[in-house]
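Reader: Could you walk me through this structure, a few questions at a time?

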Amino acid sequence: MNLASFPRWRALLATLLALLIAVAPVHAQLPQLGDAGDLSTGAERKLGERIARELYRDPDYIDDPVIVEYVQGIWQALLDASRARGELTPELDERFAWQVLLGKDRTINAFALPGGWMGLNSGLVAATANRDELASVLAHEMSHVTQRHISRMVAQQSQQAPWMIAAMVLSALVVSKSPQAAGAVAAGSQGLAMQQQLNFSRDMEREADRIGFGVMSAAGFEPQGFVTMFEKLQQASRLNDSGAFPYLRTHPMTTERAADMQARQQLAARAPVQPTLEHAVVSARAKVISNSGVDSLRSMVADAESASLASQPRARQAHLLYAGTLAAARLRDAGVARQLLSRLDGVVAGDAAAQRQARLLAAELATAAQDWPRVLQLVDAVSERRPEMLLVCQAWTQSGRAREAAERLQSWVATRPRDAGAWQLLSSAYQAQGQSLRAVRADAEARVAQLDFQAALDRLRAAQDMMRKGGSSDYIEASIIDTRARQVASLLREQSLER
Ligand SMILES: [Zn+2]
């Protein structure tokens, strides 16, 4: 159900950025580092929510259950280690979001945002050779937040209104996505100068490296991942001066940093880390999602069908076959997809985690073909894991078992109220049973989970109208809707006061 069409945030940003450039000269001089003190955790969280709200509305935001679950597993391990080491204090732990937002974007980028939000591009996941490399980037970014680098950086901008700082961060992200397009917007040097104010200092980078290295090692990842990822980024920066690796721009690769890393490399000198088969297929998935052009998809199918595949290491074979299968499915070539998938099954046989991924992929193909009995045959209906749960509930909803789906999803969101994807599916399950009021409220809760209080309130008001006109007999739901409408209206008022 799509009651409103959202403005594309790039257009919004162009306007914000234009405003920003107009206002900036008034606040030209910067205070010394630490002058204004740290931003309070509450203020930083609110600033982060403002930015996250825009990212959720970005057409490139994706809730890919498979990649999100994989990244989340690494992220949780890092959070646990950071807690155990005392880097993540109980206060920050409780007040910040500690949530990763995945973007469908080819560029190799990850960025820490205020309030414990973290942006991660699918291109970065695709570029990692093993989970240790992915962990090293996440640990580095996490450390920028736990060490309050962001709060210090933002405190330097304390003369600026929060919406201006949010606009600066968002415009910096637009620049990192498309340097040319943003260059046209931020034509003046003032725009660039402001983005530079948002860069971390070298000391901060060194600290994030040092703490991040400690956290990822303590979490049980191979320290070598830190070193190989660094080398990969450094090599990319030498080869590529075109701005295709924006990670490098916000994280300057200085020779000093490289020397620090070499010292660590001696500590971490071990045999090269072999990717797990699971990492090989998850990074293949990220590659397909990042490169959705027909030519890219065709070349991935060709790589999977190549005669030389059999001579490659097993992880490489799994990677190429997974990418080929998904690419063929995206090209709507079901026959080729099935063929490649059965070869993938052979390669991953005996590896439980990778076999599960192959099964989820098979269920995804069956979902695309609307073959619901097949989906239910492939996926464990009682699994507590999110990708399985979503596939099963969708298949139930579409095959006359919407009531079971709704029950399952209700108990899911009761403990995970921020899962917008589950709320959305719950809304369809209610709709399939003709329970329009509940469907509209679940849709509203999905908007709340993504911090879009205005859209949520619009839906709740529509539900109240339905109650008035239809004389609904669902009294429990009616009272929930009234209560939620009041609560969301107050959240919205609070949000609009933060100028
Ligand atoms: Zn950094």
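Author: Gladly! One term up front: two strands pair if DSSP finds at least two bridges between them. Please keep in mind that this is a predicted model.

Reader: In which sense do S1 and strand S3 pair?
Author: Strands of a sheet pair through backbone hydrogen bonds, and the sense can be parallel or antiparallel. Between S1 and S3 (residues 117-121) there are five bridges. In one of these strands, S3, Trp117 is the bridge partner of Gln99. The sense of the S1 and S3 pairing is parallel.

Reader: Which are the edge strands of the open sheet?
Author: The open sheet is formed by three strands with mixed pairing, in the order S1-S3-S2. An edge strand here pairs on one side only. That description fits strand S1 (99-103) and strand S2 (110-112).

Reader: Which helix packs on the sheet, touching S1 and S3?
Author: Helix H6 (residues 131-146) lies across S2 and S3, at about 20 degrees to S2. The helix touching S1 and S3 has a direction that makes about 145 degrees with that of S1. Its residues are 65-84, and it is helix H3.

Reader: Is Ile150 buried or exposed?
Author: Ile150 is found in helix H7 (residues 149-155). Leaving out residues up to four places away in sequence, it touches several others, including Glu44, Leu113, His144 and Phe200. Buried means under 20% relative accessible area. The relative accessibility of Ile150 is 3%, so Ile150 counts as buried.

Reader: What separates the C-alpha atoms of Ile150 and Gly115?
Author: Along the chain, Ile150 and Gly115 are 35 residues apart. In space, their C-alpha atoms are separated by 8.6 Å.

Methods. Residues numbered from 1 in each chain as written. Predicted model: local features only at pLDDT ≥ 70, side-chain atom pairs only at ≥ 80, totals over all residues. Heavy atoms only, no water. Helix = DSSP H or I, 4+ residues; strand = E, 2+ residues; numbered from the N terminus. Buried < 20%, exposed > 50% of the residue type's maximum accessible area, 1.4 Å probe, protein only. Contact = heavy atoms within 4.5 Å. Axes fitted to C-alpha atoms, helices over the stretch in contact; angles between N-to-C directions.
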